[in-house]
Amino acid sequence: MSILQNSETLASRAAALRLLSRNLADGMKQGAFRSSFRGQGIEFSDVREYMRGDDIRAIDWNVTARMGKPYVKMFEEERELVIFLVIDRSASMDTGSEGKSRLDTASEAAALLSFAAEQNGIPVGAVFFDGSVEFSVAPQTGKDRTMMLLSKLDSVPARKETGTAMEHALRGAHRLLNKRSLVFILSDFRTAGYESELARLATKHDVIAIRTTDKSDSELPEAGCLRFYDTETKVDRLLPTQLPSFRRAWRESNSLHLNRWRYLCLRRGVTPVTMSTSEDPVAVLARVFSTRRGS
């Protein structure tokens, strides 16, 4: 079931979601969690001459060679964490089983992250996309920002264009973010051509890619020939789910694509996370923050 068909909207569940996000807010607090990211929570500020007792690992060898005497790098602690959400609302996100779609799951996770950011006074921004970029907003703090994002998440995607404009969404995120940010990409990643923009984003920001999955990705019912319709490509065909060989090939194909995606993320410096429609987004996000604190 899509969130659009659910009479209980995210906005109407605001109080419950805010309560559920408290543990996530604790994990998101600047300090233990933030310092686990690249740079250990600090950013380069300046250089000065080496003084006795300085850590030799801080020596800036380029400046030292140029000046003819040792210089060390100076750093200052970053004062503000920024959260940015990249949310896929393309047609394939409407799919799912057991009454919950990938879009439902991704939207709930985005709402929880927004509330956790709000409770910590952390700016949050977002870009929503389907076949094109449908909405974007720069990071900002406050309850008004959270409720605006919830309202947008509850709205019906226009979907004037087919396909998935992830490449353009990631490029838009890069343009909106002026300082190092924690970027969450919520998508089924059933697209291509976004890899270079993902790598570019990850060079300046900490990126967590959350792939929304469903049990139908790997397991098909043994129900004879079933009609499958691809909402993005409009391909409509019968598939022989009664054949064990076909169900095995389906499962192996999904495993291959998932492993390739994980490898792509890791090679680009992106943290890959899977979140099934059958899982509680609170639990999945809590694991993300717990793992980051301990890394």
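Modeller: Before we start, pLDDT is the predictor's confidence in each residue, from 0 to 100. This is a predicted model, where local features need pLDDT of at least 70 and side-chain atom pairs count only at pLDDT 80 or more, while totals for chains, interfaces and linings use all residues. Residues are numbered from 1 along each chain as its sequence is written, and side-chain values use heavy atoms, leaving out hydrogens and water.

Colleague: Thanks! What does the protein chain average in pLDDT?

Modeller: The average is 85, and 87% of the residues score at least 70.

Colleague: And where is confidence lowest and highest?

Modeller: Strand E1 (residues 42–49) is lowest with a mean of 69, and strand E3 (residues 83–88) is highest at 97. Strands here are DSSP runs of E with at least two residues, helices are runs of H or I with at least four, and both are numbered from the N terminus.

Colleague: Which stretch has 36 contacts beyond four places in sequence?

Modeller: Residues 30–41, where pLDDT stays under 50. A contact means heavy atoms within 4.5 Å. Where pLDDT is low, the predicted coordinates should not be read in detail.

Colleague: Fair. How many helices and strands are there?

Modeller: Nine helices and 12 strands. Buried residues, meaning those under 20% relative accessible area with a 1.4 Å probe and protein chains only, make up 45% of the 295 residues.

Colleague: On to the sheet: what is the strand order?

Modeller: Six strands form an open sheet, ordered E7-E6-E3-E8-E9-E12, and the pairing is mixed. Two strands pair if DSSP finds at least two bridges between them.

Colleague: Why do E7 and E12 each have one side left without a neighbour in the sheet?

Modeller: Because strand E7 (133–140) and strand E12 (271–276) stand at the edges, each having a single partner strand.

Colleague: What about E3 and E8: in which sense do they pair?

Modeller: Parallel, over five bridges, with strand E8 covering residues 182–187. Ile87 is placed opposite Leu186 in E8.

Colleague: Which strands does helix H5 lie across?

Modeller: H5 (residues 143–154) lies across E3, strand E6 (124–129) and E7, and runs at about 165° to E7. Axes are lines fitted to C-alpha atoms, for helices over the stretch in contact, and angles run from 0 to 180 degrees between N-to-C directions.

Colleague: How do H4 and H5 pack?

Modeller: Helix H4 (residues 102–119) packs against H5 at about 175°, and their axes are 9 Å apart. The two are therefore roughly antiparallel, a label for angles over 145 degrees.

Colleague: Which H4 residues meet H5?

Modeller: Among them are Ala110, Ala111 and Phe115, and the H5 residues that H4 meets include Leu149, Leu150 and Leu153.

Definitions and conventions: Buried means under 20% relative accessible area, exposed over 50%, partly exposed in between (1.4 Å probe, protein chains only). Angles under 35 degrees count as roughly parallel, over 145 as roughly antiparallel, 65 to 115 as roughly perpendicular and the rest as oblique.
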